[in-house]
Amino acid sequence: MAIDNHKRKLLKSSAAALALSPWLTACSSSSLQREEAALVSCSRTANGHFSAVVADNNGYPIYSIPLPERGHGVAISPNGELGVAFARRPGNYMQLFNIETGKSYAITASSPDRYFYGHGVFSSDGMTLYTTEGERKTSQGIIGVYQLRDYQLIKVNEFSGFGIGPHEVIRVDDITLAIGVGGVHTDGRTPLNLESMQPALVYLSTESGEVVERVGLADHKLSIRHLSQTHDGRVLCGQQYRGEPEDGVPLVTIHQRGGALIPLNAEPEEWLRFNHYIASIAVLGTHVVATSPRGNCYGVWDLETNQLIEIVSLVDASGVVVEQSGVNPPQWHISSGAGKVVNRTESGMVTSHQTNVMWDNHWNRIPLK
């Protein structure tokens, strides 16, 4: 009964967002043109309502899916048909929707003893969804395993025993997940164990749920949060520093399986520009972009040298994703919570657009069919 009551509350909130969102466009019965729908992100409005937004290549919104509470990450199925928006940690829902038509399916509420932690990823066949979750009382990490059945997400398994406070999860191959384990036990969003936290990058088998590799950092107050993958299979990690405000510590690391986590290079005062937090990471060619909404900037590194090339000011720099569609030159799309969208090529050519969307921390790109 507790789950049913909570679900009714979420649905009521979602309906309110639908009625009040100031720029929400109605969805037609026909499918959207694939060349129009390119980007998906969560967003928020000035009057306190939340949505998942499907936008074109320049970040201009095509339509919106109302969300009952603030969203965070969005998982997209490999064929580009379905999206799942996750509540911001510690979250109470995930929302399945159809990217092509804008149809919203039944919302999935968290169970009374679990929170959603903001991220998830589909299996390569699109039939299984893996989500980061945690026990409400202990923050012990859970990977929820959900099967897609008749446009519903049905929980069929859980993986645990890999650490406290997982955040982003990515699929590194067909049988392996990488998880950014933050190591932080929280009451709501208040940390309780900063002196004993144990962050790690963990690789997990999707077949058995067992840890196949685990690697940590020397500084236990560098909480691993967000992940990306290079074209040669290395994993990049964005950290949140939980130590002293004046410490300029490395916030982006890279990992080759079987090795250590290697920090990318920047001076301490340059790291301080990111205000102890990396939100999103994306790799294009031999370069990586990492955003920091708290630092109002994004950084560009050369992965052949691991050296910082540039820090660029951008108010509330949020999501970053790579376009390699063949329609436009390969480029990053970088979003801002203030509505600005920056398109940047690997050579450093930049264009920008101002939208009316307050973008949240992450962007995903819709796969081309």
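User: Rings of Phe, Tyr and Trp pair if their centres lie within 6.5 Å, taking the six-membered ring for Trp. With that in mind, which residues form one aromatic cluster?

Analyst: Trp271, Phe274 and Trp301 make up one cluster. Bear in mind that this is a predicted model.

User: How many aromatic pairs does the structure hold?

Analyst: There are 5 aromatic pairs in the structure. One of them is Tyr105 with Tyr151, a stacked pair with 4.7 Å from centre to centre and 15 degrees between the planes.

User: Where do Tyr105 and Tyr151 lie?

Analyst: Tyr105 is in strand 7 (residues 104–109), while Tyr151 is in the loop between strand 10 and strand 11 (152–164), so this pair ties together parts that are 46 residues apart in sequence.

User: And is Tyr105 buried or exposed? What about Tyr151?

Analyst: Tyr105 counts as buried, because its relative accessibility is 13% and the cut-off for buried is under 20%. Tyr151 has a relative accessible area of 36%, so it is partly exposed.

User: What kind of aromatic pair do Trp359 and Trp363 form?

Analyst: That one is edge-to-face: the ring centres are 5.2 Å apart and the planes make 75 degrees. Trp359 is buried at 0% relative accessible area, and Trp363 also counts as buried, at 4%.

User: Any charges on rings? Which ring does the charged end of Arg136 sit over?

Analyst: The ring of Tyr115, with the charged end of Arg136 at 4.1 Å from the ring centre. Arg294 does something of the kind with Tyr277, lying over its face at 4.5 Å from the ring centre.

User: Switching to cysteines. How many disulfides does the count come to?

Analyst: The count is 0 disulfides.

User: Why does Cys297 have no bond, and how far is its sulfur from the closest cysteine sulfur?

Analyst: The closest cysteine sulfur belongs to Cys237 and is 19 Å away from that of Cys297, which is too far for a bond; the cut-off is within 2.5 Å. Cys297 is buried too, with 0% relative accessible area. Cys42 is likewise buried at 0%.

User: OK, strands. Why is strand 9 largely enclosed by the rest of the structure?

Analyst: Strand 9 covers residues 128–135, and 7 of its 8 residues are buried, so the rest of the structure largely encloses it.

User: How do strand 8 and strand 9 pair?

Analyst: Strand 8 (residues 114–122) runs antiparallel to strand 9, with 6 bridges between them. Phe116, for instance, has Glu133 in strand 9 as its bridge partner. The two strands make a hairpin with 5 residues in between, and Gly126 in the turn has a positive phi of about 75 degrees.

User: Over how many bridges do strand 9 and strand 10 pair?

Analyst: They share 7 bridges, again antiparallel, and strand 10 spans residues 140–149. Gly134 is bridged to Gly141 in strand 10. This hairpin has 4 residues between the strands, and Ser139 takes a positive phi near 65 degrees.

User: One more: what order does the open sheet of 4 strands have?

Analyst: The order is 12-13-16-17, with antiparallel pairing. Strand 12 (166–173) and strand 17 (211–215) are the edges, each pairing on one side only. On average, neighbouring strands in this sheet are turned by 20 degrees against each other, direction ignored.

User: How many bridges join strand 12 to strand 13?

Analyst: There are 5, and strand 13 spans residues 176–181. Pro166 has Val181 in strand 13 as its bridge partner.

How values were computed
Residues numbered from 1 in each chain as written. Predicted model: local features only at pLDDT ≥ 70, side-chain atom pairs only at ≥ 80, totals over all residues. Heavy atoms only, no water. Buried < 20%, exposed > 50% of the residue type's maximum accessible area, 1.4 Å probe, protein only. Pairing = 2+ DSSP bridges. Axes fitted to C-alpha atoms, helices over the stretch in contact; angles between N-to-C directions. Phe/Tyr/Trp six-rings, centres within 6.5 Å; stacked < 30°, edge-to-face > 60°. Lys NZ or Arg CZ within 6 Å of the ring centre and 35° of its normal.
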